[in-house]
Amino acid sequence: MPLQIIRQDITEMQVDAIVNTTNEEMTGYSGVDLKVHTVAGKELDEYCSKLPPLGLGSAVITPAFGLKAKHIIHTSGPVWHGGLQGETIILKSCYLESLKLAVKSNCESVAFHLISSGA
């Protein structure tokens with residue numbers, strides 16, 4: 001699969017899956033996560049409220065509801081604390097676990113925004 005860098009609103013992308021950085025409760029807390037939840041609609045909030053908390057570096061896939069994408073892959077990235085608390089390992093895991101879910105779900109196109117780059 002070719003890699004393309006596209007600068008666009010991730011909530012407007014027509015892809016098989018978008019990857020959304022979220023908190024462990026997947027609540028649409030701020031930044032891109034808030035916009036994803038807003039555009040997807042309250043069905044996403046209701047769906048996520050029934051899921052167990054998302055561990056740092058892990059990922060889960062949900063329907064995309066009101067988004068143009070088919071799926072949302074949610075991942076919980078690290079907060080930077082000087083690089084001494086496993087941030088690099090957690091960040092790498094976010095990308096790898098998201099890609100594993102995309103492959104498992106037969107996604108041919110996946111859009112990432114920068115994980116854990118700040119709200």
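Is His 74 buried or exposed? His 74 is buried, with a relative accessible area of 0%; buried means under 20% relative accessible area, exposed over 50%, and partly exposed in between (1.4 Å probe, protein chains only).

The model described here is predicted: local features need pLDDT of at least 70, side-chain atom pairs count only at pLDDT 80 or more, and totals for chains, interfaces and linings use all residues. Residues are numbered from 1 along each chain as its sequence is written, and side-chain values use heavy atoms, with hydrogens and water left out.

## His 74 and its surroundings

His 74 belongs to strand S3. Helices (H or I, at least four residues) and strands (E, at least two) are DSSP runs, numbered from the N terminus. Leaving aside neighbours within four places in sequence, His 74 is in contact (heavy atoms within 4.5 Å) with Asn 20, Thr 22, Met 26, Leu 44, Cys 48, Leu 54, Ser 58, Ala 59, Val 60 and Thr 62. Asn 106 stands 32 residues from His 74 along the chain, and their C-alpha atoms are separated by 16 Å.

## Helix H3

Helix H3 covers residues 87–104 and contains Leu 101. Its 18 residues should span 26 Å at 1.5 Å a residue, and the end C-alpha atoms are 26 Å apart, which agrees; the expected span is 1.5 Å times one less than the number of residues.

The buried residues of H3 are Glu 87, Ile 90, Cys 94, Ser 98, Leu 101 and Ala 102. These residues lie on the same side of H3, because they cover an arc of only 110 degrees around the axis; the arc is that of the directions from the helix axis to the C-beta atoms. An α-helix has 3.6 residues a turn, so residues three or four places apart point the same way. On the other side of H3, the exposed residues are Thr 88, Ile 89, Lys 92, Lys 100, Val 103 and Lys 104. The buried residues of H3 pack against four strands: S1 (17–21), S2 (59–63), S3 (71–75) and S4 (110–112).

Leu 101 counts as buried because its relative accessibility is 17%. Beyond neighbours within four places in sequence, Leu 101 is in contact with Ala 59, Val 60, Ile 61 and Ile 73. Leu 101 and Ala 17 are 84 residues apart in sequence, and the C-alpha to C-alpha distance is 9.8 Å.

## Helices H1 and H2

Two packed helices are described by the angle between their axes and the distance between the axes. Helix H1 (residues 31–40) and helix H2 (residues 42–49) pack at an angle of about 110 degrees, with their axes 5 Å apart. Axes are lines fitted to C-alpha atoms, for helices over the stretch in contact, and angles run from 0 to 180 degrees between N-to-C directions. H1 is therefore roughly perpendicular to H2; angles under 35 degrees count as roughly parallel, over 145 as roughly antiparallel, 65 to 115 as roughly perpendicular and the rest as oblique.

From H1, the contact is made by Val 36, His 37 and Ala 40, and from H2 by Glu 43, Leu 44, Asp 45 and Cys 48. The residues of this contact divide into four nonpolar, one polar and two charged. Ala, Val, Leu, Ile, Met, Phe, Trp, Tyr, Cys and Pro count as nonpolar, Asp, Glu, Lys and Arg as charged, and the others, Gly among them, as polar.

Within H1, the buried residues are Asp 33, Val 36, His 37 and Ala 40. They are on the same side of H1, because their arc around the axis is only 95 degrees. The elements covering these buried residues include S1, H2 and S3.

## The loop before H1 and positive phi angles

Tyr 29 lies in the loop between S1 and H1. Tyr 29 counts as partly exposed because its relative accessibility is 44%. Not counting residues up to four places away in sequence, Tyr 29 touches Thr 21, Thr 22, Asn 23 and Leu 34.

Several residues with a positive phi are listed below.

| Residue | Phi | Place |
|---|---|---|
| Met 26 | about 55 degrees | loop between S1 and H1 |
| Gly 41 | about 100 degrees | just after H1 |
| Asn 106 | about 60 degrees | just after H3 |
| Ser 116 | about 55 degrees | segment after S4 |

Met 26 is not a glycine, and Met 26 is buried at a relative accessible area of 2%. Ser 116 is likewise not a glycine; Ser 116 is partly exposed, with a relative accessible area of 31%.
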